[in-house]
Amino acid sequence: MTRIEEAKQNYDQIEIPAELNKIVLAAIHDCEERRKNRQIKRSSGYVRMLIHAAVFLLFLLTAGLNISSTFAQAMQEIPVVGKIAKILTFRSYQWSDGDKTESVKIPQIVLDEEEPEEGKTEFILDVNNEIEKACEEVRIQAEQIVADYKAAFLETGGTEEEFTQKEIQITVDYTILCENERYLSFAVMAGENGIGYNQTFYYNIDLKKGRYVTLADLLGSNYIELANRQIREQMEQRMTEDEYLVYFDGSNGFEGFTTVDDVTAFYINDSGNPVVVFPPYQIAPGGFGAQEFEIRNKE
């Protein structure tokens with residue numbers, strides 16, 4: 001049996017975990033206070049963003065008090081990104097209906113410039129709206145997956161009490177991967193740990209230009225050739241160091257790695273290099289987790 005066939009057999013035999021670890025996230029959300037003893041000029045776009053935030057906070061307060069007694073208001077400020085922007089936990093809450101517990105923490109980017117360049121505030125507002133929309137969509141998708149799982153569980157002899165004991169958790173959270181005066185790179189993660197539903201969205205922002213960063217921006221016009229070569233070199237090196245690791249090669253129904261393109265997921269690390277990310281099962285068996293490859297610009 002080849003390594004690919006062994007990997008496929010192990011993949012097919014993966015069982016869904018029976019129990020889950022509890023994840024409890026504090027419920028917090030608020031808006032940043034205007035700096036004291038200092039007048040700050042705001043562009044019209046930034047003013048619209050703050051008005052939007054204030055109205056949304058009022059809505060969440062009203063809804064939160066009706067949904068959960070643990071709903072609270074506060075603001076969690078993540079370290080300042082140079083003097084250009086910062087990330088706030090704009091919306092955070094926990095909610096449970098007996099079948100599952102949802103823990104949600106959604107970030108928002110706030111510019112920290114007195115007079116942002118034209119178009120920059122509008123871009124940041126668009127990014128924030130995109131983040132909220134993506135988080136809501138994956139949360140609803142996770143809810144549907146849990147509902148389908150429960151229906152199948154009950155149809156096969158399980159009881160309501162047994163399902164409740166599974167303590168299913170749906171989480172939405174984020175992590176900052178790079179923050180400096182030029183770039184802001186972070187990931188928004190959504191998942192359900194008991195059934196194996198997980199999604200990660202990477203956001204790479206050029207704070208000075210007010211736009212998304214691409215692989216071509218970081219690696220140059222020949223980024224495809226450069227990235228493909230380094231990824232294949234690293235794959236070979238990893239398989240040499242780990243005799244159990246195998247990458248799919250196109251056989252047995254697994255296409256494996258072919259090439260990067262302009263929609264390949266990546267983030268920027270502290271060294272300023274892009275790190276290309278392939279989720280579990282895309283180019284290797286799921287037991288090896290997500291596969292990440294740092295690409296260095298050798299030009």
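**Arg139 and its salt-bridge partners**

Hi everyone, let's start with Glu136, which counts as partly exposed because its relative accessibility is 27%, and partly exposed lies between the 20% and 50% cut-offs. Please keep in mind that what you see above is a predicted model.

So who does Glu136 meet? Its side chain and that of Arg139 form a salt bridge, with 2.6 Å from N to O. Where do these two sit relative to each other in helix α3? They are three residues apart there, so about one helical turn separates them.

Now let's stay with Arg139. Is Arg139 buried or exposed? Arg139 is buried, because its relative accessible area is 13% and buried means under 20%.

Arg139 has another salt bridge, this one with Glu143, where the closest N and O atoms are 2.7 Å apart. Again we are in helix α3: Arg139 and Glu143 are four residues apart, so they too are separated by about one helical turn. Glu143 is partly exposed, since its relative accessible area is 23%.

There is also a salt bridge from Arg139 to Glu102, and here the closest N and O atoms are 3.1 Å apart. This pair links distant parts of the chain: Arg139 belongs to helix α3, residues 120–155, while Glu102 belongs to strand β3, residues 100–111, and their positions lie 37 residues apart in sequence. Both Arg139 and Glu102 are buried.

Which residues end up in one network? Glu102, Glu136, Arg139 and Glu143 are joined by salt bridges that share partners. In total, the model has ten salt bridges.

Let's step back to the whole protein chain. You can find six helices and ten strands in it. The chain has 299 residues, and 43% of them count as buried. If we take contacts with a separation of 6 or more, 63% of them are between residues 24 or more positions apart. The accessible surface is about 16400 Å², and carbon and sulfur atoms account for 49% of that.

One last stop is Ala265, in the loop between α6 (223–241) and β8 (266–268). With a relative accessibility of 32%, Ala265 counts as partly exposed. What does Ala265 touch, leaving aside its neighbours within four places in sequence? Its contacts are Tyr202, Val275, Val276 and Val277. Try finding Thr214 as well: Thr214 and Ala265 are 51 residues apart in sequence, and their C-alpha atoms are 9.9 Å apart in space.

That's my tour, thanks for listening!

Terms used: Residues are numbered from 1 along each chain as its sequence is written. This is a predicted model: local features need pLDDT of at least 70, side-chain atom pairs count only at pLDDT 80 or more; totals for chains, interfaces and linings use all residues. Side-chain values use heavy atoms; hydrogens and water are left out. Helices (H or I, at least four residues) and strands (E, at least two) are DSSP runs, numbered from the N terminus. Buried means under 20% relative accessible area, exposed over 50%, partly exposed in between (1.4 Å probe, protein chains only). Contact means heavy atoms within 4.5 Å. Accessible areas come from the Shrake-Rupley method with a 1.4 Å probe; for residues, only the protein chains shown count as cover. A salt bridge is a side-chain nitrogen of Lys or Arg within 4 Å of a carboxyl oxygen of Asp or Glu.
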